Amino acid sequence: MSGGRRHTLKTQVVMDVSTRMILCVATAFGSMHDLTLFRQSGVQIHPETALIGDAGYQGIRQHHGHSVTPHKATKKAPLTPEQRQQNRELASTRLRVEHVIRCLKIFRVLKDIYRHRRRRFSVRVNLIAAVCNRTVAGVA
């Protein structure tokens, strides 16, 4: 097996939680950490805008000061009741994000193994995001 081949496709979705509209989609080839994809995507977010990420975005506060990620427990430092409550509140907010991701994955091309041209993956994801945005906006 050659070391230069990478079969993984990574997608990052930036959305507005209040309107449930997808603002930006970034894609990458190969195995990549979520935070690395965020850095490479070049997404510009206003410094006063709250950024909510999942556990894969630990350390994003260095790039965006107004960001929130869930607290992580370790064996030596379990979560306090306050941290558990904050994680629950964050999860209830992130639920809207997961619903939008579900809207994207209704389309088989994103749900199943991607069997098309890799260089067109980004275009297809952006088109599906546009269809989902039209669905959220109520436009037929």
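User: What counts as a contact in this predicted model, and which residues does A28 contact beyond its neighbours within four places in sequence?

Analyst: Contact means heavy atoms within 4.5 Å. The model is predicted, and A28 belongs to its strand β2. Leaving aside neighbours within four places in sequence, the residues in contact with A28 are T8, L9, K10 and L37.

User: Is A28 buried or exposed, and what separation do the C-alpha atoms of A28 and T8 have?

Analyst: The relative accessible area of A28 is 10%, so this residue counts as buried. T8 is 20 residues from A28 along the chain. The distance between the C-alpha atoms of A28 and T8 is 8.4 Å.

User: How many helices and strands does the chain have, and in what order do the elements run?

Analyst: The chain contains 4 helices and 4 strands. Read from the N terminus on, the order of the elements is β-β-α-β-β-α-α-α.

User: What box do the C-alpha atoms of the chain fill, and what percentage of the residues is buried?

Analyst: Taken along the principal axes, the box filled by the C-alpha atoms is roughly 50 × 45 × 25 Å. The chain has 140 residues, and the buried share of them is 26%.

User: What area does the chain expose, and what percentage of that area do carbon and sulfur atoms supply?

Analyst: The exposed area of the chain is about 10100 Å². Of this area, the part supplied by carbon and sulfur atoms is 53%.

User: Among contacts between residues at least 6 apart in sequence, what percentage joins residues at least 24 apart?

Analyst: The set considered here is the contacts in the chain between residues at least 6 apart in sequence. Within that set, the share joining residues at least 24 apart is 40%.

User: What length does helix α2 reach, and where does α2 bend?

Analyst: Helix α2 covers residues 81–105, which is 25 residues. From its first C-alpha to its last α2 reaches 34 Å, close to the 36 Å expected at 1.5 Å a residue. The helix also bends by about 30 degrees, and the residue at the bend is T93.

User: Which residues of α2 are buried, and which elements do they pack against?

Analyst: The buried residues of α2 are N87, L90, R94, V97, V100, C103 and L104. Their packing partners include two helices, α3 (108–111) and α4. The strands against which they pack are β1 (9–16), β2 (21–29), β3 (51–52) and β4 (67–68).

User: Why does N87 count as buried, and which residues does N87 touch?

Analyst: N87 has its place in helix α2. Its relative accessibility is 17%, and the cut-off for a buried residue is under 20%, so N87 counts as buried. Not counting residues up to four places away in sequence, the residues touched by N87 are P70, H71 and L79.

User: How many salt bridges does the structure hold, and which parts does the pair K10 and D34 tie together?

Analyst: The structure holds 3 salt bridges. One of them joins the side chains of K10 and D34, at 2.6 Å from N to O. These residues are 24 apart in sequence, so the pair ties together strand β1, where K10 lies, and helix α1 (residues 34–41), where D34 lies.

User: Are K10 and D34 buried, partly exposed or exposed?

Analyst: K10 has a relative accessible area of 21%, whereas the value for D34 is 17%. Accordingly, K10 is partly exposed and D34 is buried.

User: What separates R94 and E98 along helix α2, and what is the distance between their closest N and O atoms?

Analyst: R94 and E98 are 4 residues apart in helix α2, so about one helical turn separates them. R94 is buried at 16% relative accessible area, while E98 is partly exposed at 37%. The two residues form a salt bridge, and the distance between the closest N and O atoms is 2.3 Å.

User: Which residue forms a salt bridge with D112, and what is the N to O distance?

Analyst: D112 is partly exposed, with a relative accessible area of 41%. The side chain that meets D112 in a salt bridge belongs to R108, which is exposed at 63%. The N to O distance of the pair is 3.2 Å.

User: Which residues form a nonpolar patch on the surface, and what is their accessible area together?

Analyst: The patch consists of I106, F107 and V131. V131 is in helix α4 (residues 121–137) and is partly exposed, with a relative accessible area of 39%. Together the three residues of the patch have an accessible area of about 240 Å².

Note on methods: Residues numbered from 1 in each chain as written. Predicted model: local features only at pLDDT ≥ 70, side-chain atom pairs only at ≥ 80, totals over all residues. Heavy atoms only, no water. Patch = residues over 30% accessible without salt bridge, like charges linked within 9 Å, V, L, I, M, F, W, Y side chains within 5 Å. Areas by Shrake-Rupley, 256 points an atom, 1.4 Å probe, with all protein chains shown as cover. Salt bridge = Lys/Arg side-chain N within 4 Å of Asp/Glu carboxyl O. Buried < 20%, exposed > 50% of the residue type's maximum accessible area, 1.4 Å probe, protein only. Expected span 1.5 Å × (residues − 1). Bend = angle between axes of the 7 residues up to and from the residue.
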